[in-house]
Amino acid sequence: MRSIPEGRVTTYGLLAHYLGSRAVRAVATAVGKNPDAPRVPCHRVVRADGSIGRYSGEGGVQTKQRLLESEGVVIENGKIDNFDRILFDFSECTD
DNA sequence: CTCGTGACTTACG
DNA sequence: ACGTAAGCCACGA
């Protein structure tokens with residue numbers, strides 16, 4: 001997740017796939033159980049349809065949305081605007 | 001071991 | 001667009 005640049009987001013599916021696991025739900029659960037909010041930009045991980053999803057950190061989804069918008073991500077009607085444009089698929093990730 | 005549940009996803013009606 | 005079903009892996013009861 002630390003490879004995700006500011007203003008970009010990814011989905012649980014892509015994240016799990018990048019990790020080489022098909023356990024999308026397990027990955028999502030792990031992310032949620034270990035809120036590295038201040039350490040890791042877990043708020044840049046959203047659902048596949050562009051919706052925020054959930055957030056276990058302070059303020060919940062509200063904070064998650066504010067963090068994203070603070071990085072330049074535009075969210076409209078609970079969904080990310082230009083989702084397919086700012087979507088980070090790890091293709092430009094060199095790690 | 002079987003069931004239910006979960007920061008999920010895709011497919012079908 | 002919305003509800004349901006199924007698939008997925010991990011975890012706890």
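This report walks through how the protein meets its two DNA strands, and then turns to its largest pocket. Keep in mind that the model is predicted.

**DNA strand B**

Let's begin with DNA strand B, which has 16 residues around it. Y12, R25, G32, A48 and R54 are the closest of these. Sorted by class, the surface here holds seven nonpolar, five polar and four charged residues.

Which helices feed this surface? Both α1, spanning 12–18, and α2, spanning 24–33, put in at least two residues each. The largest share belongs to α2, with six residues.

What part of the strand does the protein touch? Looking at the atoms of DNA strand B within 4 Å of the protein, 42% are sugar or phosphate atoms, and the rest sit in bases. The polar contacts include both kinds of partner: V31 uses a backbone N or O atom to reach a base nitrogen, while A48 pairs a polar backbone atom with a phosphate oxygen. R54 also goes to a phosphate oxygen, but with an N or O atom of its side chain.

**DNA strand C**

Around DNA strand C you'll find R22, A23, R25 and A26. By class, that surface is two nonpolar and two charged residues, with no polar ones. Of the strand C atoms within 4 Å of the protein, 63% belong to sugar or phosphate, and bases supply the rest.

Two arginines make polar contacts here. R22 has a polar side-chain atom by a phosphate oxygen, and R25 brings a side-chain N or O atom to a base oxygen. R25 is also listed among the closest residues to DNA strand B.

Here are the polar contacts described so far, with their distances:

| Residue | DNA atom | Distance |
|---|---|---|
| V31 (backbone) | base nitrogen, DNA strand B | 3.5 Å |
| A48 (backbone) | phosphate oxygen, DNA strand B | 2.9 Å |
| R54 (side chain) | phosphate oxygen, DNA strand B | 3.0 Å |
| R22 (side chain) | phosphate oxygen, DNA strand C | 2.6 Å |
| R25 (side chain) | base oxygen, DNA strand C | 2.8 Å |

**The largest pocket**

How much space does the largest pocket hold? It comes to about 380 Å³. Its lining is made of 19 residues, and Y12, A28, G53, R54 and K64 are the closest to its centre. The elements giving two or more residues to that lining are α1 and α2, and α2 gives the most, with six residues. By class, the lining splits into eight nonpolar, six polar and five charged residues.

Two names should ring a bell: Y12 and R54 are among the residues closest to DNA strand B, and both are also among those closest to the pocket centre.

Methods:
Residues numbered from 1 in each chain as written. Chains lettered and ligands numbered in written order. Predicted model: local features only at pLDDT ≥ 70, side-chain atom pairs only at ≥ 80, totals over all residues. Heavy atoms only, no water. Near = heavy atom within 4 Å. Polar contact = N/O pair within 3.5 Å; in protein donor to acceptor, adjacent residues only side chain to side chain. Nonpolar A, V, L, I, M, F, W, Y, C, P; charged D, E, K, R; others polar. Helix = DSSP H or I, 4+ residues; strand = E, 2+ residues; numbered from the N terminus. 1 Å grid on protein atoms, 1.4 Å probe; cavity = no way out; pocket = protein on both sides within 12 Å on 5 of 7 lines; lining within 4 Å. Points joined across faces, edges and corners; volume = space filled by probe spheres on them.
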